[in-house]
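Hi everyone, thanks for coming along. I'd like to walk you through one model today, so have a look at the screen while I talk.

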Amino acid sequence: MKKMDFNAVIIEASAGTGKTSRITGEFVSLIDRQEPSRSMRKILAMTFSEKAAIEMKVRILEKIYAEIFPALTGDKRVDAENEMLKLRISTIHSFCRLILKRFAFYLGIDPFFSVIDERQSDLLFYRAFGSFLNAGGSGEMLGILKKIKLNGLKNLIFAVRKCHPYATAGLPDGEFSKAVAGIAGRISAIHGRMKKDLSMLDFNDLEMLTCGMLSEHPEALLILDDFDEKNDYIFVDEFQDTNILQWEIVRKLSEEWLSGYGAKAEKGGSYGMFLVGDRKQSIYKFRGAEGKVFDDAKIALGDYCREEKLLKNYRSAPGIINFVNEVFKDIPPWSGQQLSPGAEKETESRIEINLPEDSAGLNAKEEEYNWALGKIFELVEKKAPVWDKKQKIFRPVNFRDIAILMRKRAGSSFLLLEKKLKESGLPFVILGGMGFYTEPETVFLSSLVFALADTSDGMALWNLRNSVHGIKPADVYGWRKLLADEELTVVTERILKEMNFWEGLGSQQKANAEKFLMIIQGWEELPLYQVSRNLRAVSGSSEESKADIFSEHQNAVRVLTVHNAKGLEFPAVFLINLEDGKVMMKDEIFYRKSGDGAPYKFILRAEAGDEHKNSFREMLKEEEQRVLYVALTRAARYLFISGVKNRRGSAKSVWMDMVSRLEPQFPPSPEYAHTGFLPGKEAKEKISFEGAESSVLTSYTQEKERDYYGSHEKTVAGEIAHKLLFDISEGRIKPERRAFSERMFFYLKKPRLHDISGAEKSIMEVYESIERNEEIKKVVTERSKGKTFSELPFIVEQEKGRVYSGFIDRIILTDDGTCRIYDYKLDGSDAGRYKRQMEIYEKAARNIFKECGKIKKFIVFLKKGAINEIVD
C-alpha cells in the first residue's frame with residue numbers, strides 16, 4: 001500500500017479576518033495548472049446558504065480567471081471554461097438532493113422527487129394531524145387530554161415537530177413528554193407517507209435520508225466508493241452553522257480516507273478536507289446549528305487534523321476591535337481568541353453608549369430613538385469620513401453606509417422606531433420586514449383566490465368589492481370559468497393584467513404581489529380547494545417576511561436584525577434595543593446534552609425540573625453572547641449602542657449586562673439637532689442633503705413604497721391627494737365630486753398613527769381647486785395611450801456616480817415632440833426651490849423617452865390652484 005497523503009485543516013476564522021479570501025485561495029491552489037479541468041471536477045465545496053454558495057463561487061471564478069485562465073490555450077482553455085460553469089459549489093441540502101437522486105433506487109424513493117420548503121411541509125403536517133384524528137387517533141390521546149386541552153396538545157405536538165430532528169432523536173425525559181413524543185412520532189409517520197405519495201421531501205428529510213443511507217444502508221460502502229472515486233477534496237464553509245446530522249454526512253464521506261484503505265490510499269494521491277468557520281458566530285441554534293461540531297471534527301480527524309486560528313481583523317478600526325475584546329475578555333472562547341488589527345489603513349473610530357433610565361414620566365425608548373436618529377443625521381451632515389476599500393480613499397459617509405441593527409423586529413418598540421423613522425424623513429429600508437400576509441396587496445390577492453375557490457365566500461367578495469378595483473361577484477364568476485382550461489397562476493396573472501393591477505403599485509407592493517404568485521405557483525399540482533385551504537392556514541401568520549426590494553443603488557439606511565446582518569459589514573452601525581438581548585424561556589420544549597448516544601434529550605416545559613431549565617438557560621445565554629459578538633463586529637469605523645435601563649425585562653438582558661459596564665468609558669454625546677427632514681414638513685417636499693447621494697425624491701409613490709403613513713394630517717392629505725389624482729389619471733374614478741369623495745373616505749380608513757380629522761378638508765380643497773382651474777383639470781384628466789403617464793418610476797445616475805430613484809407624478813407627450821413634466825405639491829408657491837429636483841426628472845425623462853425634443857417642467861400647487869413653469 002502506498003503512503004496515504006491525507007490532510008485535514010480546520011480554520012477557525014474570527015469576524016473580519018478574511019475567511020472568504022482564505023478559502024478562495026486554498027481552493028484555487030489545489031487546481032492543477034496543467035490539467036485544470038480534471039482537478040476542478042475533483043473538488044466539492046459546501047456551505048450553509050444559497051447566498052453564501054453564490055458568493056463563494058463568484059470569488060473563486062474571479063480568482064481562476066485572473067490566475068489560471070489567461071495561461072491556457074486551445075482545448076484546455078475551452079475545457080476549463082466549460083468546467084468552470086459546472087463548479088461543484090452548493091449548499092449541503094443541494095448536495096444531499098443530488099446524492100439522493102443518484103441512489104434513489106436504494107431507498108425506494110422517486111428519483112424525480114421535489115424539495116418542498118418549510119411552509120409546504122407544515123401544511124402537509126396539518127393534514128397528517130387531521131388524518132390521525134380521523135383514523136381514531138383521538139382515542140390514543142384520551143389519557144393526555146385528561147391533563148391538557150386538545151388545542152394545547154396540538155401546540156405541543158407542533159413544538160416537537162419544529163425542533164430539529166437531532167434535538168428529538170433521544171428518548172425524552174419524563175412520562176408526559178414520552179407520551180406526547182409518541183403521538184408526534186405517529187403523526188410524523190403519516191406525514192412521511194403523504195410526502196412519499198406526493199414525491200416530496202423537505203429539508204429535514206434530505207439530511208436524515210442521506211445520513212441514514214451513508215451510515216446504515218447495506219450498500220453504503222458502494223456509495224462511499226463512488227464518492228471516493230469522484231472527489232479529492234471537500235470544503236465546508238460557515239462550518240459553525242452546520243448541525244450534527246450535516247457533520248455526520250461530511251464525516252461519513254471522508255471515513256474511507258481516514259481509514260487508510262480504499263482507492264486513494266492505494267494510488268497514493270493527495271486528498272483532504274478544509275473546514276472553515278467561527279464557532280463564536282454560531283447563531284442559528286433554532287435551526288439546529290451546533291458550534292460543538294468543531295470539537296467533534298477534531299476528534300474524528302485525529303492526527304490528520306491541522307488547526308489554524310485567524311485573529312487579525314481587516315474590517316474594523318483598532319478602536320472597535322479593542323472594544324469588542326474588552327466586552328468579551330473574560331468569556332471563553334473569546335478570552336483565548338482576542339482579535340488584533342490588520343486593516344491596511346489605520347483609522348480612528350467613534351464609539352458611544354447611550355442607556356437612558358426608564359423612569360416615571362419619561363419615555364426613555366423615544367429618547368433613545370431620537371438620540372440614535374440624530375447621530376445618523378450628524379454623521380451625514382458633517383460628512384464623517386469612511387474608508388472606501390475599492391477606491392482606497394476616504395470619502396464622506398452616505399446613508400447606505402449605515403445600518404440599524406436589533407435583536408428582534410416585533411412589538412411596540414419596533415412600531416415606535418418605524419414611526420420615528422418616518423417622522424424624521426430619514427431615507428431607510430427595512431430588510432426582511434414582517435407582516436407579508438397583512439399587506440393590502442396580499443390581502444387583496446388572497447381574497448381573489450378565496451373567491452375563485454368558493455364564490456359564496458362573503459368576506460372575500462366583500463374585500464374585492466370594496467377594494468380600489470371595485471370587483472363585482474359577476475366578474476369572479478366569469479373568471480372562475482377560465483380555470484377549466486388554465487392553471488390558477490396563469491388565470492390570476494390574466495385577471496391582474498385586465499384590471500391594470502400593477503399600474504398603481506410601488507416597488508414593495510409589486511415585489512409582494514410577485515412573491516404571492518410564486519407561492520401559489522408552488523401549489524399548482526394541488527386542486528383549487530386545497531390551494532385555498534393552504535392559503536388560509538398560512539395567512540394568519542405574522543412572521544412571514546415581506547418581499548425583499550433592497551437595491552445597492554438605494555441611498556438609504558438599512559434596518560435589519562442581527563441575524564439578517566450576518567456576513568455583512570457597515571462603516572457605521574447603530575445597535576439599538578440593547579435590553580432585547582436576553583434569555584427568553586418561552587419554548588415549550590427544553591433540551592440538554594445527552595450522555596447515552598443521542599446528541600440531546602428533551603423534556604416538555606410542563607414537567608421540566610431545575611436541571612433541565614438551568615441547562616437550557618445556559619445554552620440560550622451562550623447563544624445571546626454569540627449574537628452580540630456578530631452585531632458588534634459588523635461595524636468598521638462608527639459604533640453607536642443604545643438601550644433602556646430598568647425597562648421591564650432588561651434586568652435579565654445578557655447584552656445589557658455585558659455592555660453597560662463600559663458606558664462610563666464611552667459616554668454618549670448630546671442629542672444632535674439636525675437640519676434635515678423635520679416632522680411638520682410635507683413628505684413630498686423633502687430636500688436632499690448637499691453632497692449626499694439621495695435616492696428619496698419627491699413623489700407620493702416613493703412614500704408609498706416606504707409604507708409612509710404620515711405623522712400629521714397635512715402629510716396624510718398630501719399622500720391621499722396624490723392617490724386620488726393618480727386614480728383619476730388612470731381612469732379608475734371619474735373626476736366628479738361623489739366619486740372623488742367616496743374614494744377619499746376609502747383611503748382615510750387606513751389606520752394612522754395620529755389624528756387626521758383635518759385631512760378631509762385639505763383633500764377636498766384640492767378637488768375644488770381642480771374644478772376651478774381648467775388647466776390643472778386637463779393635466780390630471782388627459783388620457784392618451786403611449787402619451788400620458790402617471791407615477792412613472794425611474795432610476796438615473798447623475799454626476800460623480802450619484803444614483804437617484806423615484807417616481808414622476810405626471811408626464812404628457814405632445815404631438816410636436818415636447819415632453820411636459822408635472823410634479824404635484826399640496827401647498828406652497830415658490831417653484832424655484834424645486835429646480836434641482838426637476839433637473840433630475842428631466843434627465844430621467846430623456847433616458848426614458850429618447851425621441852422627445854423639448855422638455856418643459858411644471859410645479860402644480862394643488863390647493864392654490866396654480867401651475868408654475870420652471871425655466872432654465
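I'll start with confidence, then go through a pocket, a cavity, one helix and a few single residues.

First, please keep in mind that this is a predicted model. The mean pLDDT of the protein chain is 83, and 87% of the residues reach 70 or more. Which elements sit at the two ends of that scale, by mean pLDDT? At the top is strand E17, residues 570-575, with a mean of 97. At the bottom is helix H29, residues 700-705, with a mean of 32. Residues 676-712 stay under 50 in pLDDT, and for that stretch the model has 131 contacts beyond four places in sequence. Over residues 751-755 the pLDDT is also below 50, and there the model has 12 contacts beyond near neighbours in sequence.

Now to the second largest pocket. Its space comes to about 780 Å³. There are 35 lining residues, and those closest to the centre are Ser188, His191, Lys195, Asp205 and Met208. Four elements give two or more residues each to this lining: helix H9 (150-162), helix H10 (175-197), strand E5 (200-201) and helix H11 (203-216). Which of them gives the largest share of the lining? That's H10, with 11 residues. By class, the lining of this pocket splits into 18 nonpolar, 10 polar and 7 charged residues.

While we're at H11, let me point out Thr210, which lies in that helix. Is Thr210 buried or exposed? Its relative accessibility is 0%, so Thr210 counts as buried. Leaving out residues up to four places away in sequence, Thr210 touches Cys96, Ile99, Leu100, Asp205 and Ile249. You'll remember Asp205 from the pocket, where it is one of the residues closest to the centre.

On to the closed spaces. How many cavities of 30 Å³ or more does a search of the whole structure find? It finds 5. The largest cavity holds about 100 Å³ of space. It has 13 lining residues, with Gln120, Leu124, Met200, Leu526 and Asn534 nearest the centre. Helix H7 (118-140) and helix H25 each supply at least two of the lining residues, and H7 has the largest share, with 4. The lining of the largest cavity is made up of 7 nonpolar, 4 polar and 2 charged residues.

H25 spans residues 528-539, and Ser532 is found in it. With a relative accessible area of 8%, Ser532 is under the 20% cut-off and therefore buried. Beyond its neighbours within four places in sequence, Ser532 is in contact with Phe450 and Ala453.

Next, a quick geometry check on helix H31, residues 737-748. At 1.5 Å a residue, its 12 residues should span 16 Å, and the end C-alpha atoms are 16 Å apart, so the two agree. The buried residues of H31 are Phe740, Ser741, Arg743, Met744, Tyr747 and Leu748.

Last one, I promise: Leu628, in helix H27, which covers residues 610-632. Leu628 counts as buried because its relative accessibility is 0%. Setting aside residues up to four places away in sequence, Leu628 touches Val327, Phe328, Leu575, Trp655, Met658 and Val659. How far apart in space are Leu628 and Lys280, C-alpha to C-alpha? They are 10.0 Å apart, with their positions 348 residues apart in sequence.

That's my tour, and I'm happy to take questions.

Notes: Residues numbered from 1 in each chain as written. Predicted model: local features only at pLDDT ≥ 70, side-chain atom pairs only at ≥ 80, totals over all residues. Heavy atoms only, no water. 1 Å grid on protein atoms, 1.4 Å probe; cavity = no way out; pocket = protein on both sides within 12 Å on 5 of 7 lines; lining within 4 Å. Points joined across faces, edges and corners; volume = space filled by probe spheres on them. Nonpolar A, V, L, I, M, F, W, Y, C, P; charged D, E, K, R; others polar. Buried < 20%, exposed > 50% of the residue type's maximum accessible area, 1.4 Å probe, protein only. Contact = heavy atoms within 4.5 Å. pLDDT = per-residue confidence, 0-100. Expected span 1.5 Å × (residues − 1).
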